[in-house]
Amino acid sequence: MLIAQLSDLHIRLPGQKAYRVVATDAYLPPAVAAVNAQRPRPDIVVISGDLTDFGRPAEYAHLKHMLDALEMPYLLLPGNHDDRDVLAEVFVEQPSLRGCDGYAQYVVDDYPVRIIVLDTVVPGQSHGALCARRLSWLAGRLAEQPARPTVVAMHHPPFATGIGHMDAIGLLQGADELARIVGRHGNIERILCGHLHRSIYRRFAGTIASTCPSPAHQVALDLRPDAPSAFVMEPPAFMLHEWREGGLVSHLAYIGDYAGPYPFHEDGGLIDE
């Protein structure tokens with residue numbers, strides 16, 4: 001099974017730029033094309049939040065038009081820039097976004113690896129939280145199939161990254177209880193997150209939690225405690241997670257046209273000229 005992960009699309013209307021710099025909607029079609037071009041082709045795409053920049057209906061409609069070009073199913077989850085109600089209204093073909101108790105939480109059981117989507121959004125706020133209801137729901141779903149390989153997808157990562165201005169709006173409630181729940185389930189292969197616009201990994205409660213870069217702009221890698229909130233136009237990228245031989249193997253995939261591929265060997269030997 002091959003899972004592609006996109007994150008933090010921040011789609012605005014055609015011609016509008018995020019933060020006066022980034023034409024985010026110009027970056028998504030090449031990302032979709034790159035995912036479609038993968039061989040083997042991904043079975044499913046997980047898009048881990050901040051789908052739009054302001055959660056407006058027209059932004060989601062524009063996003064939907066571009067995502068329709070994906071040649072495989074995709075899963076959506078909201079981030080702090082999203083409006084979960086508007087998201088569900090526009091993507092009506094994905095009834096799971098109505099989730100439970102008003103949260104966009106659901107389970108996908110159609111693949112060798114089970115995918116559980118967890119909603120960390122606090123409406124109107126940049127930080128994330130996991131309340132008792134959301135955590136109880138997660139515990140219940142994990143108890144249903146305790147031996148099956150499982151991925152948990154959520155927007156805010158449950159760990160501090162060292163990028164101070166992002167940690168200040170990280171998962172500020174529920175991470176400790178999440179760790180207790182995850183720690184009881186050794187079948188959780190990975191916690192896939194967004195929010196950071198970078199590829200970051202950390203051991204968490206007996207598994208690995210990771211974040212995904214953006215197909216557009218990336219958060220500046222500045223680990224000073226007082227680092228300013230800033231972004232850079234590093235190469236756009238996405239993640240590929242392949243389930244094989246009893247484990248999840250992850251790859252960072254850059255988006256764009258680059259020189260190569262070139263051969264290492266020729267006529268049976270290593271090229272030396």
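**Notebook: strands, sheet and ring pairs**

I began with strand 1 (residues 2–6) and found that it runs parallel to strand 2, with four bridges joining the two. A reminder to myself before going on: this is a predicted model. Who sits across from Gln 5 in strand 2? I looked up the bridge partner, and it is Val 46.

Next I followed the chain from strand 1 to strand 2. The path goes through helix 1 (residues 24–37), and the three elements make a right-handed β-α-β unit.

Then I checked the other neighbour of strand 2. Strand 3 (residues 74–77) runs parallel to strand 2, and again I count four bridges. In this pairing Val 45 stands opposite Tyr 74 of strand 3. The connection from strand 2 to strand 3 goes by way of helix 2 (residues 57–67), and this β-α-β unit is right-handed too.

**Entry on strand 2 cover**

Is strand 2 mostly covered or mostly open? I went through residues 44–48, and five of the five are buried, so I wrote it down as mostly covered. I also wanted the two faces apart. In a regular strand the side chains alternate between the two faces of the sheet. Here Ile 44, Val 46 and Ser 48 are on one side, Val 45 and Ile 47 are on the other, and all of them are buried. Both faces are covered, then.

**Entry on the six-stranded sheet**

I moved on to the open sheet of six strands. Its order is 4-5-7-9-11-10, and the pairing is mixed. Which strands stand at the edges? They are strand 4 (106–108) and strand 10 (200–204); each has a single partner strand, so one side of each has no neighbour in the sheet. I noted the twist as well: on average, neighbouring strands of this sheet are turned by 20° against each other, direction ignored.

At the strand 4 edge I looked at the pairing in detail. Strand 4 and strand 5 (residues 114–117) run antiparallel and are joined by three bridges. Val 107 has Ile 116 of strand 5 as its bridge partner.

What lies on this sheet? I found helix 4 (residues 132–144) across strand 4, strand 5, strand 7 (150–153) and strand 9 (188–193), running at about 170° to strand 5. Helix 6 (residues 175–183) packs on the sheet as well, touching strand 9, strand 10 and strand 11 (207–211). The direction of helix 6 makes about 65° with that of strand 10.

**Entry on aromatic pairs**

How many aromatic pairs does the structure hold? I get two. For Tyr 19 and Phe 231, the ring centres are 5.5 Å apart and the planes stand at 45°, so I logged the pair as tilted. Tyr 19 is in the loop between strand 1 and helix 1, while Phe 231 is in strand 13 (residues 231–232), so the pair ties together parts that are 212 residues apart in sequence. Tyr 19 is partly exposed at a relative accessible area of 38%, and Phe 231 is partly exposed at 29%.

Tyr 74 and Phe 91 form an edge-to-face pair, 6.4 Å from centre to centre with 90° between the planes. Tyr 74 belongs to strand 3 and Phe 91 to the loop between helix 3 (84–90) and strand 4, so this pair links parts that are 17 residues apart in sequence. Are these two buried or exposed? Both Tyr 74 and Phe 91 are buried.

**Entry on two single residues**

I picked Cys 131, which is in the loop between strand 6 (128–129) and helix 4. Its relative accessible area is 16%, and the cut-off for buried is under 20%, so Cys 131 counts as buried. Leaving out residues up to four places away in sequence, Cys 131 touches Tyr 103 and Gln 173.

I also picked Leu 192 in strand 9. At 0% relative accessibility, Leu 192 is buried. With the same sequence neighbours left out, up to four places away, the residues that Leu 192 touches include Gln 5, Val 151, Ser 210 and His 241. Gln 5 is the residue I met earlier as the partner of Val 46.

**Entry on the record**

Last, I opened UniProt. An unreviewed entry there lists residues 1–198 as "domain: Calcineurin-like phosphoesterase". Over that stretch I have 29% helix and 18% strand, with the end C-alpha atoms 24 Å apart.

Note on methods:
Residues are numbered from 1 along each chain as its sequence is written. This is a predicted model: local features need pLDDT of at least 70, side-chain atom pairs count only at pLDDT 80 or more; totals for chains, interfaces and linings use all residues. Side-chain values use heavy atoms; hydrogens and water are left out. Buried means under 20% relative accessible area, exposed over 50%, partly exposed in between (1.4 Å probe, protein chains only). Two strands pair if DSSP finds at least two bridges between them. A crossover is right-handed if, with the strands pointing away from the viewer, the path from the first strand over the helix to the second runs clockwise. Axes are lines fitted to C-alpha atoms, for helices over the stretch in contact, and angles run from 0 to 180 degrees between N-to-C directions. Contact means heavy atoms within 4.5 Å. UniProt positions are given in the numbering used here, feature names are shortened, and annotations may be inferred rather than shown by experiment. Rings of Phe, Tyr and Trp (its six-membered ring) pair if their centres lie within 6.5 Å; planes under 30 degrees apart count as stacked, over 60 as edge-to-face and the rest as tilted.
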